[in-house]
Amino acid sequence: MNWKRKDLLGLEELSREEIVAILDTAASFKEVSTREIKKVPALRGKTVVNLFYEPSTRTRVSFEVAAKRLSADVINVAIETSSVRKGETLIDTGRNIEALKADVIVMRHSSSGAAAILAKKVNANVVNAGDGWHEHPTQALLDMFTLKEKTGEIKGLKVCIIGDIAHSRVARSNIWGLTKLGAEVIVCAPRMLIPPEIEKMGVKVSSNADKAIRGVDAVNVLRMQFERDEKTAFPQRLEYYKNFGITKERLHKAGGNIIVMHPGPINRGVEISSEVADGPNSVILEQVTNGIAVRMAVLFLVAGGEKNRT
Amino acid sequence: MGNREEKKILAAEEIHRILIRLSHQILEKNPKASDIVLVGIQTRGVYLARRVQASINDIAGLLPPTGILDITFYRDDLTAVGLNPIVKTTDINFDINEKHVVLVDDVFFTGRTTRAALDELMDFGRPQKIELLVLVDRGHRELPIRADFVGKNIPTSLKEQVEVRLKESDGVDEVVVIEGSGGYK
């Protein structure tokens, strides 16, 4: 199918076919990173601006590498040093960046829906690199790409997402994507970290980690985000590790042959043991490598076609 | 798409004979046969390259390494074509440095595909020589590029479309000229 969207804001609005198109395109881009010259001229002359209102190393660097491998010019706007500190609004910042003839704006923001607001106000292609607790589409896409690479097909897989579901945009995007592609999704967390009515997204809910991961094909371990909302009553880290941490013993009890994913950065000894993170089930570093291919595909698809799309 | 007139230019047997002739020509021009590698341009160039490979094997008893090139990322019309083209695989899993690369395509037209393919190949290494093999040359070059091995020259008007159909993708081996459908795909 042909890609027709100007922006990538989330997986909720994408069709199954659109998600498959991104994953297929990413497979072609993965080959580019294995070449001696890891660069193609597909976005030569285009400018990609990374506009990050929240700290991020992994995602920003991944987008930067992806854009550079497409021969685009990359500008990183560090919010600490920008005019935002002087009270400039999001839309004004976006318009100013666009006035510099930026073609693509990759944005991370702490407010849900920020990327969608910006996308409406600028002609540049907008890629959501995480907005509040809403969506983180490229992370979910790279998770699915990795799963597909490992298993051959997403359809029919059983995937458990375990961790702070309530505050996780990664969980939300993964749920949209995986269910659209026909996987069965189980979310698992302490009760207080499961958002109300999450079942309406088509997932099963559990607060028992051992039961939740029994017989699954993959477990996607979310980071316990202690820095995001300190007032929320997080269970003690040790207690969390005891009840929900992904350890070798827990994996073994659940059936053993389970792919372990994590969007990073990992907290060893909190949500995952070192043994598992570095062990044979872990595909955590492959996720990082695949993230470049997936982001190349997204940048190529949104920026590669004609202008004035919806 | 309506009932546009199709004229068959080449039938299966002719295509078969042409590929054998071109394989002989490749061997004739490249005395050090072990240096020959083939690279087919997606999609039908890939099938033609595999046939040439088999044919060289029949003639000389050696199987030249054969790769696949998708030139999408190197196109000069990515924004002009409007919608994003479907990206296919590139797979060149051998060293092309110091090799005689024979680039294989189905229809030779503006030369822009060849230009993109040359740029992409150069990013894979520094071949000793690159040659171009095409099944059909329909003219109308827009770049100073020529082919080294030509199956058949077919004079066309810009309004016509040349379509190469191969068993691997289309279930039949033939080359047809379609009237009035516009030359550009």
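Tutor: Helices here are DSSP runs of H or I with at least four residues, strands are DSSP runs of E with at least two, and both are numbered from the N terminus. This is a predicted model, in which local features need pLDDT of at least 70, side-chain atom pairs count only at pLDDT 80 or more, and totals for chains, interfaces and linings use all residues. Residues are numbered from 1 along each chain as its sequence is written, while chains are lettered from A and ligands numbered from 1 in the order in which they are written.

Student: Thanks! Where is the place of A:P265?

Tutor: Start with its backbone: the peptide bond from A:G264 to A:P265 is cis, with omega near -10°. As for its place, A:P265 is in the loop between β9 (259-261) and α10 (274-277) of chain A.

Student: And which residues of chain B does a cis peptide bond join, with omega about 0°?

Tutor: Look at the loop between β2 (36-41) and α2 (44-60) of chain B, where B:T43 has its place. The cis bond there joins B:Q42 and B:T43.

Student: Is A:K101 buried or exposed?

Tutor: A residue is buried if 20 or more other C-beta atoms, placed from the backbone, lie within 10 Å of its own, exposed if 12 or fewer, and partly exposed in between. A:K101, in the loop between α3 (90-99) and β3 (104-109) of chain A, has a positive phi near 70° without being glycine. Because 9 other C-beta atoms lie within 10 Å of it, A:K101 is exposed.

Student: What is the phi of A:E197?

Tutor: A:E197 lies in the loop between β6 (184-188) and β7 (204-206) of chain A. It is exposed, with 7 other C-beta atoms within 10 Å. Though not a glycine, A:E197 has a positive phi of about 65°.

Student: How are the domains of chain A arranged, and how many ångströms (Å) apart do their C-alpha centres lie?

Tutor: Domain bounds come from an automatic or database domain assignment, which gives domain 1 (16-136 + 290-304) and domain 2 (137-287). Their contact takes 20 residues from domain 1 and 23 from domain 2, where contact means C-beta atoms, placed from the backbone, within 7 Å. The C-alpha centres of the two domains lie apart by 25 Å.

Student: Which helix of chain A gives the most to the largest nonpolar core?

Tutor: A nonpolar core is a set of buried Ala, Val, Leu, Ile, Met, Phe, Trp, Tyr and Cys residues joined through C-beta atoms within 7 Å. The largest one has 142 residues, and A:I105, A:I162 and A:L299 have the most contacts inside it. Domains 1 and 2 of chain A both contribute residues, so this core lies between them. With 11 residues, the top contributor is helix α11 (residues 284-304).

Student: What is the angle at which the axes of α5(A) and α11(A) cross?

Tutor: Axes are lines fitted to C-alpha atoms, for helices over the stretch in contact, with angles from 0 to 180 degrees between N-to-C directions. Residues that meet include A:L141 and A:F145 in α5(A), with A:V294 and A:V298 among their partners' side in α11(A). The axes of α5 (residues 137-151) and α11 come within 8 Å and cross at roughly 115°.

Note on methods. Contact = placed C-beta atoms within 7 Å.
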